[in-house]
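User: Could you take a close look at one helix pair in this model for me? I'd like to know how the two helices sit against each other and what lines their contact.

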Amino acid sequence: MSDALSPPPPTSPAAPAGLATPHVPSPGGARIIAVTSGKGGVGKTFVSANLAAALTRRGQRVLVLDADLGLANLDVVLNLHPKITLHDVFTGKATLEEAVIQAPGGFDVLLAGSGMVEYSRLTPEVRNQFLSVIQALTPQYDVVLLDTGAGISDVVLFSISLASEVLIVATPEPTSLTDAYAAIKVLAMQQKRQHVRMVINQAARPGDGRAITSQLQQVLDRFVTTESGRPMRLIHMGDIPADPSVRDAVMRRQLLLLQTPGCPAALAIAQLANKIETTLLTPAA
């Protein structure tokens with residue numbers, strides 16, 4: 001495990017610059033949570049969709065915004081075939097209200113078109129359009145989940161900068177943890193984040209995720225200092241166990257919480273929703 005949590009070598013490519021300050025919309029609207037990952041294939045979109053269903057069951061008004069501009073796959077996970085996407089809103093072919101649709105599970109989604117090369121780079125126009133969409137939507141919901149792309153591209157980092165909280169999804173695999181470390185380091189250095197929240201997906205045994213998070217915290221304590229001078233703090237939000245029901249639901253393009261709500265992974269996501277609700281969505285007394 002120690003090798004997996006070693007910092008990247010000095011020759012690693014530099015992250016894009018110019019995204020130091022999060023552009024959080026004004027208070028009074030939804031709590032915006034970016035669900036992201038250091039690398040692809042760790043179940044980030046699966047977590048976003050099923051977490052949205054679990055929060056909706058708890059009475060929250062939830063929107064999932066597919067922020068993976070250009071390589072969107074939230075529609076595949078939810079088995080949706082939208083006629084209108086975020087691309088149509090950006091190009092003026094449709095209104096924002098027309099693009100927001102309800103997903104299985106009762107929450108709303110705003111889907112992005114896939115294969116849109118023009119959104120692979122963060123131009124000033126894309127920044128402004130994306131920010132205006134977020135500002136228009138947040139007053140209508142309790143929580144907005146941004147299902148971002150993976151990695152540390154400028155588009156991904158800008159999407160994350162719009163969120164007040166970051167939930168990083170990782171698996172116990174060494175490549176996933178190394179890339180998660182790289183992403184966390186960038187969030188500390190460029191966005192001045194003081195903390196991020198972690199979920200370990202496909203955990204083999206109970207307690208594995210907490211141990212992994214603790215080991216990753218030790219590496220951050222040594223190598224990454226935030227603007228305040230304190231180490232970046234990782235908050236362990238839970239583990240999602242390796243569960244054959246997950247693959248079955250993904251292959252069927254159905255939400256796990258609807259198909260097999262009593263399986264271990266579904267119960268873990270319900271616990272994650274409970275923790276998010278109690279720690280982030282419940283107003284202070």
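Analyst: Happy to! Helix 7 and helix 8 are oblique to each other, because angles under 35 degrees count as roughly parallel, over 145 as roughly antiparallel, 65 to 115 as roughly perpendicular and the rest as oblique. In this predicted model, local features need pLDDT of at least 70 and side-chain atom pairs pLDDT 80 or more, while totals for chains, interfaces and linings use all residues. Residues are numbered from 1 along each chain as its sequence is written, and side-chain values use heavy atoms, without hydrogens and water.

Helix 7 covers residues 174-190 and helix 8 residues 208-223; they pack at about 45 degrees, with axes 11 Å apart. Helices here are DSSP runs of H or I with at least four residues, numbered from the N terminus. The axes are lines fitted to C-alpha atoms over the stretch in contact, and angles run from 0 to 180 degrees between N-to-C directions.

The crossing of helix 7 over helix 8 is right-handed, meaning that the near helix is turned clockwise from the far one by less than a right angle. From helix 7, Leu177, Tyr181 and Ile184 meet Ile212, Leu216, Val219, Leu220 and Phe223 of helix 8, where contact means heavy atoms within 4.5 Å. The residues of this contact are 8 nonpolar, with no polar and no charged ones; Ala, Val, Leu, Ile, Met, Phe, Trp, Tyr, Cys and Pro count as nonpolar, Asp, Glu, Lys and Arg as charged, and the others, Gly among them, as polar.

Elsewhere, strand 1 (residues 31-37) pairs in parallel with strand 6 (residues 165-170) over 4 bridges; strands are DSSP runs of E with at least two residues, and pairing takes at least two DSSP bridges. Valine 35 of that pairing stands opposite leucine 167 in strand 6.
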